[in-house]
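Subject: Structure handover

Dear colleague,

Here is the structure I said I would pass on. My notes on the sheets and the helix packing follow below it.

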Amino acid sequence: MSDWQKIIKDESIASLEKLADKFGHDVIDVEALRPAFENFQMRLTPAALDAIKEVGDPMWQQYVPTVEELDVVDGVIDSLDEDGDSPVPNITHRYPDRALFLVSPICATYCRFCTRRRKVGDPEKIPLNQYDSAFEYLRQHTEIRDVIMSGGDPMMLSDRRLEYLFQQLRAIPHIEIIRIGSRITSHLPERITPEFCEMVQKYHPIFMNTHFNHPDELTPAAVASLDRLSRAGVSLGCQTVLLKGVNDDAKVMMKLMHELLKARVRPYYIYMADQVAGGEHFRTTVQKGLEIMQALRGWTSGLAVPQFVIDSPGGGGKVPLLPEYVEEINDDEVIFRNYEGKRFTYKQPRQLTVVAEQGESDVVPIRRGKKKERVARTKRRKASGE
Ligand code: SF4
């Protein structure tokens, strides 16, 4: 057993009783929380436990079950209808040139807001003996050039199994990009071992979409694991979920984006939390997200500004949302405001068309500015002595 597997087995907390022993039975009401616990697995690794500074803080909220999880409201089990777009087990094929490949049913630490809680926590939920039909599907669909390995957390697989997956995917000529969606660098940084870093280099280009929601998650150990991945040539991005009480604050988000960049991780998406059953108490308004985007764009480097998206409920895919910068747009001009709210006008280009006649081409204006353009052209010809 590897060191990181021992950490999962021996040093993590995976029962309410142990959690109460650590934080106090007055804080953790074991019986009250049991239905939430039974509904969705709980586990906190030492890294997740260390990141909790006090009861109720942003890290606590992400990992410790609450009775609010049982208030389903309008949440749904498979809010993105991933199963509806699943042609064979473990594959979701929604977008034209890429596919999601669920390769692991387990995570190091379980997040209470998880969209895939229906799929994770129990090894039976993603049968690992069903890879074959997934590979066959990927082989047959030559339009797929990008495969996103996800789960659960793919990094919970052994190096041997990961290498098997990389080999199978790399044997399919049309697959150009392999992405790993993983929260391991914050939950179990010890998993990024020298052996993994050496192995992964054989299968580039490999991208890792990390997942950080709060700047406090970028602990020295997490940053060191990101550094190891960068040195191994893995391109790093980050997905962040907008969560009430965790990061629904422009200053917190700005700090998170800056800390990510310092660790050579490019912020990629901020997601609205999905309408998942059990996660209603984490949701905030779209306006709050737009307000945060407005506080980022222009006020800090574009590198620190990810796309803000809603993953459409029911399976419509990701849709980017932008604050309202454009006030008016017509054939002549666009009127907009900048990040400070100042108004500017951008002139539209003259609408031109190219007319080709027997080898000779000329540019003539259409719709507007016709006379002005003719006068200008005549003047230019006279000036050049034509
Ligand atoms: S690590 Fe990802 S898949 Fe696992 S519980 Fe958290 S959000 Fe869900």
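How many strands form the open sheet with mixed pairing, and in what order do they stand? There are nine, and the order is β1-β2-β3-β4-β5-β6-β7-β8-β9. Please keep in mind that this is a predicted model.

The edges of this sheet are β1 (91–95) and β9 (317–320). Each of these two has a single partner strand, so one of its sides is left without a neighbour in the sheet. On average, neighbouring strands are turned by 30° against each other, direction ignored.

I looked in more detail at the stretch from β6 to β8. Strand β6 (residues 235–242) pairs with strand β7 (residues 266–272) in the parallel sense, over six bridges. Two residue pairs can be used to check the register: Cys238 has Pro267 in β7 as its bridge partner, and Gln239 stands opposite Tyr269 in β7. With regard to the sheet as a whole, α12 packs on it and touches β6, β7 and β8. The direction of α12 makes about 155° with that of β7. Angles over 145 degrees count as roughly antiparallel, so α12 runs roughly antiparallel to β7.

On its other side, β7 pairs with strand β8 (residues 307–312), again in the parallel sense, over three bridges. Here Tyr271 stands opposite Val309 in β8.

The connections are as follows. β6, helix α11 (residues 250–262) and β7 make a right-handed β-α-β unit. β7, helix α12 (residues 286–296) and β8 make a right-handed β-α-β unit as well.

How do the two helices of these units, α11 and α12, pack? Their axes are 9 Å apart and the angle is about 55°. The two helices are therefore oblique to each other, and their crossing is right-handed. From α11 the contact uses Ala250, Met253, Met254 and Met257, and from α12 it uses Glu291, Ile292, Ala295 and Leu296. By class, that contact has seven nonpolar residues, no polar ones and one charged.

There is a second helix pair to report, towards the start of the numbering. Helix α2 (residues 16–23) and helix α3 (residues 30–39) have axes that come within 10 Å and cross at roughly 135°. That angle makes α2 oblique to α3. The crossing of α2 and α3 is right-handed. Leu16, Glu17 and Ala20 in α2 meet Val30, Leu33, Arg34 and Phe37 in α3. Sorted by class, the contact of α2 with α3 has five nonpolar, no polar and two charged residues.

Finally, there is a three-stranded sheet. It is open, its order is β10-β11-β12, and its pairing is antiparallel. β10 (326–329) and β12 (343–347) stand at its edges with a single partner strand each, so each has one side without a neighbour in the sheet. The twist in this sheet averages 15° from one strand to the next. β10 pairs with strand β11 (residues 333–337) in the antiparallel sense over three bridges, and the bridge partner of Glu328 in β11 is Ile335.

That is what I have for now.

Best regards

Note on methods: Residues are numbered from 1 along each chain as its sequence is written. This is a predicted model: local features need pLDDT of at least 70, side-chain atom pairs count only at pLDDT 80 or more; totals for chains, interfaces and linings use all residues. Two strands pair if DSSP finds at least two bridges between them. Helices (H or I, at least four residues) and strands (E, at least two) are DSSP runs, numbered from the N terminus. A crossover is right-handed if, with the strands pointing away from the viewer, the path from the first strand over the helix to the second runs clockwise. Axes are lines fitted to C-alpha atoms, for helices over the stretch in contact, and angles run from 0 to 180 degrees between N-to-C directions. Two residues are in contact if their C-beta atoms, placed from the backbone, lie within 7 Å. Angles under 35 degrees count as roughly parallel, over 145 as roughly antiparallel, 65 to 115 as roughly perpendicular and the rest as oblique. A crossing is left-handed if the near helix is turned anticlockwise from the far one by less than a right angle, and right-handed if clockwise. Ala, Val, Leu, Ile, Met, Phe, Trp, Tyr, Cys and Pro count as nonpolar, Asp, Glu, Lys and Arg as charged, and the others, Gly among them, as polar.
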